[in-house]
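Visitor: I would like a close look at a single strand in this model, and at what surrounds it. Could you take me through that part and then place it in the chain as a whole?

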Amino acid sequence: MWISWSIAGAVASLLSISSVVVAAKDDPYDARAQAIVDGFTTAQVIGQMTQVDISTVMNPDDNTLNEDNVRAYAQQYVGSYLNTIWDEPLGDKYGWNATEWRGIVSRIQEITMEENGGHPIIYGLDSVHGANYVSGAVLFGQQINSGASFNPDLVHKAGRITARDTQAAGIPWVFGPILEISQNPLWSRTYETFSEDPYLVAVMGEALVRGLQSYNQTAACMKHFIGYSKTPTGHDRDNVIMADFDLLNYFLPPFKAAIEAGAMSTMENYISINGDPVIANPRILNDLLRSDLGFDGLQVSDWAEINNLKDWHRVAETYEDAVRLSLTHTSLDMSMVPNDTSFINYTERMLESYPQYEGRLRESAKRIVKTKVKLGLYDTPVPGAEFEFQVGNDADKAVALDLARESIVLLKNNESVLPLAKEASVFLSGHSADNVGHQCGGWSIAWQGYSGNEMFPNGISVRQGFENLVGNDSFTYFNGLYDNGSYSEADLAKAVELASQHEYTIAVIGEKQYTEKPGDIDDLALPAGQIEYVEALAATGTKVIVVLFEGRPRLLGSLPDSASAIIDGLLPCELGGQAMAEIIYGEVNPSGRLPITYPKDPANVAIPYYHRVNTQCAYDHCWMQWDFGAGLSYTEFNCSAVTLDTTTITSADATVTATVTVTNVGTRAGKETVMLFLTQPYRTISVPEVKMLKKFKKIELQAGESQEVSFALTADDWSVYDPQIGSGFKKVTEDSNYVVAIKPDTWCNVYKNITNPLCAVFTIDTGRDNFGLPPPVANVTTSTPVIDVTGPSTTEPPAGEAGAGTVEAASY
């Protein structure tokens, strides 16, 4: 069946994109790539655009290479391979080390270049928290932990190690970073994001891109362009409904920052936006990506996504129609097919009917070849030989341990129960207390990860961390709980008895490993049995310390009330158990901060901290368990009143510098993340957000030490994107009052009285009318609403006041 797709219009759009993106890139890489592609036959062009999974050329019985299959693909000019074969162990082996990977990739390159005239393939791998598919490589915490660290320097270091270890395996293309912003914590890929906050994701994404590409033979791949995470139901791959304002102002900034950092490639995603599948959406993949962002790097589909136009989205009745729809409407360069070369046949047939698209396909082949040229693959098809034996070294473990230490978040510490003395009486229990796999989550050794310890050669569980720190005889370990919340009465009775014999009980609970669609859940609450188990231990009178390892913030029910302390480890991976032990026993002062909102009630899970001011619960603010940026320390930090170097802005290029002095008033050294939020109380272009993070800086202070911290705000911070796609970016600044707030828990009462010393107001007054009206007639004056700066000051809204400092609730 042929579907009407406005072919002429699509051709015009693609030609326009081609002229914008390709023009004037007069560099040696471009010239060499052009010369290579000029010599390609049509078959070679289409082959370059084809990516196949490694499983299609492997012998499944022993995981050895099927060279005949490689040769057959090479004769079809296949341009790329991806993935690992190791979804399950073979005997006691869980994957290939760097040397074994190099052997496989080298032979694929040798056969391919023998058969196709000397053109290398480009191999891609999901190295998303370290080289997680290279046996022996140190695995870092998931991206959510990087966000919780608020330390881009550590993230940059992790990116460098990831690139080096992936190159050590002979692989130059890393499918990361993930630049989605977490929007619904039910989503199974929440932990793969850095945060719910666009600015934090942009900063961390930029740091990771620079780290990955600091070794010149690695290409980062931004994913998943764009809007994938805004699932309304929390289910993976759901259709997304989104206004252009939200798309440009919340979801775009991380990708824009990554492109400005030099990201060489991007991957589209599995969803449809407003009913239009991204894989065939010219507005997203042409107008936004190529024209507005000016991205001229390699664009690859996600797994089988062209085929999904038939199998998932149901907008094409045949695979041939699906290929035609995507290639005639977008500038997609490479199809992650991934299980055969049918894409080649369908594309050839498309060109038979529509030969005018060959030029568009040659532009894609040029971008692919240019990427290979820039990575040096034509000269060194298997990079990283110098790194082969550096994988898993002690310096890497130290970086992973530091990142774990700085990402673990102390959420509750009633009566300073933590840190524990090393001689304290401790009972350790819980299904994740001795399980490195649960600390790591999905994408760890295998796609869905593993439960256990033996497959993680650098792993340290919490139990092992305790043994390392305080010795085997300093605590008692027993677990009778499973991750699904089940337990036997006998095991519970034994755990209760042991808890009653110890002053402190540490319960390590949370989630098992998962990712993508298999990780879908229908209820964000922890399994009831986990809560029952911990409550039974608490009922003995022991002081319960709850440790969470989870990829998303599961609702905790009664535990926040009954536990003496709660620590969210998120997914710190291999060195997370050691870091957790060090924090519990006070060797390390916790400094992680929540990069996402931790919800309390099931109806309010999908409300990010920067929700619009008219998102409210009945009569009051929608209260969360813990807010974005929450996190405690074993010391205490005080901030001086915030000062501004100016309070009136009259020109577009002006700046406002906010300054605050932070003092460690506690008794030990600690790290504090100073955060600056900005609120525009009244905004014409769109209902304003409650507040948005604009700047942050992590500092370390000794006891009694002070440090002045300054943040310079510019138009980029207080302006917003006009919601237009395809006509270039336009930022809009409205004449208005703007409120600066220091610290995530600061309440400025912006619609009533601002007296909190951590809040300050500046005004933008350029003489423009926010409604686009001409100047007012004589004797009629207008002015910016005046914000009263008198009245009481608090750091959070009084429970009796509606609106939580944003808007006043209606009277009923």
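Guide: What follows looks at one strand, its partners, and then the chain around it. The model is a predicted one, and the strand to begin with is E1, which covers residues 50–53. Both of its faces are covered, since Thr 50 and Val 52 on one side are buried, and Gln 51 and Asp 53 on the other side are buried as well. E1 pairs in the parallel sense with strand E12, residues 335–336, over 2 bridges, and within E12 the residue that serves as bridge partner of Thr 50 is Ser 335. E1 is also joined by 3 bridges to strand E4, residues 80–82, and these two strands likewise run parallel; here Val 52 stands opposite Tyr 81 of E4.

Turning to the chain that holds these strands, one finds 22 helices and 29 strands. Its radius of gyration is 27 Å, close to the 28 Å given by the globule rule for 812 residues, so the chain is as compact as a globular protein of that length. Taken along the principal axes, its C-alpha atoms fill a box of roughly 85 × 75 × 45 Å, and 62% of the 812 residues count as buried. Among contacts between residues at least 6 apart in sequence, 80% join residues at least 24 apart.

Elsewhere in the chain, an unreviewed UniProt entry places the feature "domain: Fibronectin type III-like" at residues 672–746, a span that is 5% helix and 49% strand, with its end C-alpha atoms 15 Å apart.

Notes:
Residues numbered from 1 in each chain as written. Predicted model: local features only at pLDDT ≥ 70, side-chain atom pairs only at ≥ 80, totals over all residues. Heavy atoms only, no water. Buried < 20%, exposed > 50% of the residue type's maximum accessible area, 1.4 Å probe, protein only. Helix = DSSP H or I, 4+ residues; strand = E, 2+ residues; numbered from the N terminus. Pairing = 2+ DSSP bridges. UniProt positions renumbered as here; feature names shortened; annotations may be inferred. Rg over C-alpha atoms; globule rule 2.2 N^0.38 Å. Contact = heavy atoms within 4.5 Å.
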